Amino acid sequence: KERVSMNINAEPELISALDRYIANGEVIVNGKVVKTVKPPQAYYKIDTELGRGGSFWNRTDPITMYFREPATVEQLADITQITKA
């Protein structure tokens, strides 16, 4: 239904935080759970293909999250909070 493209580096801690948000609804900031919400019906992909605009490091939006339902304002705020750290 919707997607969110993220202009961030896919550091292991960030990937873990996104995984936990999707699996358990945990919003993790600086390695700590700041709140737990209903997990979104979503998944994400990390673009590592060299044929589409260069390598991962050259892309402005290397991570894209795809929602199976319309994303809520709260979910977008959660993603922003997770990716700001």
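**Notes on the predicted fold**

1. A small pairing makes a good way in: Ala42 stands opposite Phe67 in E5. Please keep in mind while reading that this is a predicted model.

2. That pair belongs to a wider match between two strands. Strand E4, residues 42-46, and E5 pair in the antiparallel sense, with 5 bridges between them. Strand E1, residues 2-6, also pairs with E5 in the antiparallel sense, again over 5 bridges. If you would like residues to click on here, Val4 has Met65 of E5 as its bridge partner, and Met6 has Ile63 of E5.

3. Put together, these strands form an open sheet of 3 strands in the order E1-E5-E4, with antiparallel pairing. E1 and E4 are the edge strands; each has a single partner strand, so one side of each is left without a neighbour in the sheet. From one strand to the next, the twist averages 20°. As a general reminder, the strands of a sheet pair through backbone hydrogen bonds, either parallel or antiparallel.

4. Why is strand E5 described as largely enclosed by the rest of the structure? The strand covers residues 63-67, and 4 of its 5 residues are buried, so the rest of the structure largely encloses E5.

5. Stepping back to the whole protein chain, you will find 2 helices and 5 strands. Followed along the sequence, they give the pattern β-α-β-β-β-β-α. Among contacts in the chain with a separation of 6 or more, 57% are between residues 24 or more positions apart.

6. Helix H1, residues 12-24, is worth a look alongside the sheet. H1 lies across E1, E4 and E5, and runs at about 160° to E4.

7. Which residues touch the most other members of the largest nonpolar core? They are Met6, Leu18, Tyr44, Ile63, Met65, Phe67 and Ile82, out of 19 residues in that core. At least two core residues come from each of E1, H1, E2, E4, E5 and helix H2 (73-84). H1 gives the largest share, with 6 residues.

8. Leu18 is a handy residue for viewing this core. Beyond its neighbours within four places in sequence, Leu18 is in contact with Met6, Tyr44, Ile63, Met65 and Ile82.

9. Is Glu26, a residue of strand E2 (residues 26-29), buried or exposed? Glu26 is buried, as its relative accessible area is 16%, and the cut-off for buried is under 20%. The Glu26 side chain makes a polar contact with the side chain of Arg20, at 2.5 Å. Setting aside neighbours within four places in sequence, the residues in contact with Glu26 are Ala17, Arg20, Tyr21, Val33, Lys35, Thr36 and Ile82.

10. A last word on burial and surface. The protein chain has 85 residues, and 35% of them are buried. About 5,400 Å² of the chain is exposed, with carbon and sulfur atoms supplying 49% of that area.

Technical notes
Residues numbered from 1 in each chain as written. Predicted model: local features only at pLDDT ≥ 70, side-chain atom pairs only at ≥ 80, totals over all residues. Heavy atoms only, no water. Helix = DSSP H or I, 4+ residues; strand = E, 2+ residues; numbered from the N terminus. Buried < 20%, exposed > 50% of the residue type's maximum accessible area, 1.4 Å probe, protein only. Contact = heavy atoms within 4.5 Å. Areas by Shrake-Rupley, 256 points an atom, 1.4 Å probe, with all protein chains shown as cover. Pairing = 2+ DSSP bridges. Polar contact = N/O pair within 3.5 Å; in protein donor to acceptor, adjacent residues only side chain to side chain. Axes fitted to C-alpha atoms, helices over the stretch in contact; angles between N-to-C directions. Core = buried A, V, L, I, M, F, W, Y, C linked by side-chain atoms within 4.5 Å.
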